[in-house]
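Me: Could you take a close look at one part of this model for me, the way its helices pack against each other? I would like to know which residues make the contacts and what kind of residues they are.

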Amino acid sequence: MAKKVRLNKELGLFDVFSISTGAMFSSGFFLLPGLASQYTGPSVFVAYLIAGLLILPAMFSIAEISTALPRSGGAYFFLDRSLGPLMGTIGGLGTYLALVFKTAFAIVGIGAYAAFFWAVPVKTIAIAATFLFMGVNLLSAKNTSRLQNYFVVFLLIVLGTFIVDGLYRVFFTIGIDQPSANNHFQPFLTHGFEGMIATVGFVFVSYLGLTKIASVAEEIKNPERNIPLGMLLSLIATSVIYVLGVFIMVSIIEPAEFAKDLAPAATAVEQLFTWMPGNMGAYLMIGAAMAAFASTGNAGLMSSSRYPFAMGRDKLFPPGFSKVGKKGTPVTSILFTTGLIIFFILVLSEEGIAKLASTFNLIVLMLINFSVIVFRNSHIDSYDPGFKSPLYPGMQIAGIIISVVLIIYMGWMAILFSAFIVLVAVLWFNYYAKGKVEREGAIFHWFALLGKHQHADLENEFMTILKEKGLRQGDPFDSTIMNARIIRASENMDFNALVDHVSGLFSKEIHINKDSLVSEFHTISAIDPALVTPEVSVLYAKYAGIGEPSLHVVLSNKGILKPVGKGTILSEDNIKVFFFLVNPANESRLQLRMLSRLMNIVEREDFVKNMLEQTSDREIKEYLLHNERFITVRLIPEASQGEMIGKQLKEIKLPEDVLVALVERDARSFAPHGYTVLQQNDVLTIIGEPRSIKQLFDLYMSTK
């Protein structure tokens with residue numbers, strides 16, 4: 001079996017925030033404000049506010065899909081799995097080229113601002129910076145994000161100071177009610193409503209970096225929390241700085257000068273930071289601009305390099321692009337992207353190319369909003385987002401309309417450029433990739449009349465992603481294991497008799513119909529291929545009327561032959577460990593998360609051997625739970641835990657987020673209650689949050 005190519009999960013919440021924020025600050029703050037004012041005048045800061053609101057549908061849609069399918073490739077992966085590999089190729093190739101264009105121009109910006117300090121050609125500095133970012137990216141995603149964090153922290157400090165100082169000057173020194181300042185805001189809309197919409201489209205590209213976090217979703221720890229929260233915090237911080245910063249520029253710089261100023265932040269700072277010696281304020285702003293362009297370039301190289309990697313993994317690009325180095329980074333893809341960026345730095349000089357590329361991003365955002373509608377209507381149970389877009393489907397429909405309107409205002413040249421990218425992608429797919437891929441998108445699961453074209457392995461792939469994501473906060477896996485019944489099968493029991501016996505036990509314990517349970521345990525599902533492990537079988541059922549999952553574990557030293565159908569071939573597998581899981585009927589996604597956690601456990605090395613070696617029910621359950629969320633404590637008089645002996649459980653002071661789930665006494669295990677009196681040599685199994693479990697471990701480990 002081919003080794004699965006996976007990237008290391010190293011990025012936390014602040015990494016998400018800094019990558020997203022760093023990808024937005026550059027031309028949006030240091031270049032565009034003056035140019036954008038040509039279309040609408042002093043109301044340009046309002047255009048930034050509106051643009052920040054209009055990016056919300058795309059942000060929510062990307063956050064939803066990213067928490068359901070945290071995979072490298074961002075827009076490519078979303079479109080491929082929702083609309084099929086042709087749309088994935090179009091979206092992936094187009095977004096990749098657009099990202100590379102914008103990254104190249106951002107890095108050129110470093111050279112332009114560095115020229116204030118060193119008499120070195122702009123492109124020489126830009127190429128040197130590109131090699132620096134390449135080296136950092138090759139080391140690890142964490143190193144890349146660490147450098148990104150430094151850039152963003154410095155940038156936020158400088159821009160925060162700029163805004164505080166600027167607002168003070170505007171409201172308490174210059175005063176917007178004074179004629180000189182008030183004239184800057186008259187007329188407020190120089191080209192009416194149409195001019196405002198055109199300006200919104202012009203500055204909308206300043207927020208597109210927000211969406212790039214999706215391309216590194218596979219490398220984010222706890223993606224269901226960190227992706228939506230990091231993106232939202234990034235949008236809030238960026239919007240505040242954009243709106244207030246541009247407002248200050250409008251207030252301080254003469255309108256005629258502002259409209260043609262290519263460095264309005266540097267011009268504005270000449271009237272600010274007067275409390276600093278000499279030209280320190282100007283140098284600080286130049287440094288901030290360099291940090292902004294560097295953070296965009298660094299984040300751009302990191303996120304864009306994940307597109308060829310993901311497409312190579314899916315056979316849409318040559319397989320060499322999917323290679324991961326010893327540091328857990330996509331080496332070939334990073335090197336190729338670096339070369340492409342350097343090529344564009346040397347060859348291209350027209351900044352209009354970046355605008356053309358941004359138009360394609362708007363097309364991709366439109367398709368991503370549509371993808372959420374497709375995934376929701378496909379009814380694939382293993383599509384299990386930890387964050388769901390609010391106001392569905394209105395939010396997505398609004399996002400589609402927003403993209404269409406802004407594309408129109410981008411002009412025909414931009415539309416023709418996007419059409420050219422689509423043509424290239426279609427030709428690439430038909431002449432290179434088409435014969436190498438067999439999958440179809442979730443859209444075929446939506447339209448029942450196309451059911452014969454459904455890609456059966458799509459649910460299996462989504463189930464694999466669920467396994468990697470793990471349980472969600474509040475999922476009752478630990479308590480289900482603790483309450484599980486452990487059964488040791490008799491040597492002469494066959495598979496049908498075992499299913500009948502276990503179904504009968506379930507029927508008595510949780511009052512469900514035995515025959516329907518037998519039928520469900522025998523049913524083959526589309527996700528069954530994801531649950532296959534030698535000598536282990538996981539059988540599952542859903543039943544209405546029960547409140548929580550229930551589990552029975554069956555062990556057989558000799559093994560029980562289980563019939564298996566593979567196409568027209570029938571065979572039997574010798575199974576030594578069975579899991580029978582019954583879940584509430586209205587919690588299908590909870591069932592899949594429980595199954596995925598079980599599969600992570602059974603894939604441990606020597607799982608079957610270790611399970612059969614356990615001598616008691618408690619040991620079996622502790623082996624299944626074995627992680628940082630539980631501890632076992634034996635009550636002996638001479639140890640610190642001896643003070644528990646003779647007390648009722650409710651009298652014991654333990655951290656609030658832990659639970660004594662099991663007590664073993666005289667080789668018998670039972671679930672205790674508050675009035676259970678603890679006795680000498682009782683073995684307590686305590687489950688809870690890792691931090692509290694560690695505290696208990698540190699307290700009791702020396703005497704355990």
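Reply: Happy to help; here is a short setting of the scene, followed by a walk through three helix pairs.

Please keep in mind that this is a predicted model. The chain has 704 residues, 56% of which count as buried, and its secondary structure comprises 29 helices and eight strands. The C-alpha trace spans about 90 × 65 × 45 Å along its principal axes. Among contacts with a separation of 6 or more, 80% are between residues 24 or more positions apart.

Let us begin with helix α7 (residues 85-114) and helix α17 (residues 331-347), whose axes lie 9 Å apart at an angle of about 60 degrees. The two are therefore oblique to each other, and their crossing is right-handed. On the α7 side, the contact is built from Tyr96, Leu97, Val100, Phe101, Thr103, Ala104, Ile107 and Val108, while α17 brings Phe336, Thr337, Leu340, Ile341, Phe344 and Ile345. Sorted by class, this contact of α7 with α17 holds twelve nonpolar and two polar residues, with no charged ones.

Next come helix α8 (residues 122-139) and helix α15 (residues 280-304), with axes that come within 10 Å and cross at roughly 50 degrees. That angle makes α8 and α15 oblique as well, and here too the crossing is right-handed. Thr130, Phe133, Met134 and Asn137 of α8 meet Ala294, Gly297, Asn298, Leu301 and Met302 of α15. In this contact of α8 with α15 there are five nonpolar and four polar residues, again with no charged ones.

The last pair is helix α24 (residues 495-510) with helix α25 (residues 514-522), where the axes come within 9 Å and cross at roughly 135 degrees. Roughly antiparallel would need an angle over 145 degrees, so α24 and α25 are oblique to each other. Their crossing is right-handed. From α24, the contact draws on Phe495, Asn496, Val499, Asp500, Ser503, Gly504, Phe506 and Ser507, and from α25 on Lys514, Leu517, Val518, Phe521 and His522. The class count for α24 with α25 is six nonpolar, five polar and two charged residues.

As for the outside of the chain, about 29900 Å² is exposed, and carbon and sulfur atoms supply 61% of that area.

Notes:
Residues are numbered from 1 along each chain as its sequence is written. This is a predicted model: local features need pLDDT of at least 70, side-chain atom pairs count only at pLDDT 80 or more; totals for chains, interfaces and linings use all residues. Side-chain values use heavy atoms; hydrogens and water are left out. Axes are lines fitted to C-alpha atoms, for helices over the stretch in contact, and angles run from 0 to 180 degrees between N-to-C directions. Helices (H or I, at least four residues) and strands (E, at least two) are DSSP runs, numbered from the N terminus. Angles under 35 degrees count as roughly parallel, over 145 as roughly antiparallel, 65 to 115 as roughly perpendicular and the rest as oblique. A crossing is left-handed if the near helix is turned anticlockwise from the far one by less than a right angle, and right-handed if clockwise. Contact means heavy atoms within 4.5 Å. Ala, Val, Leu, Ile, Met, Phe, Trp, Tyr, Cys and Pro count as nonpolar, Asp, Glu, Lys and Arg as charged, and the others, Gly among them, as polar. Buried means under 20% relative accessible area, exposed over 50%, partly exposed in between (1.4 Å probe, protein chains only). Accessible areas come from the Shrake-Rupley method with a 1.4 Å probe; for residues, only the protein chains shown count as cover.
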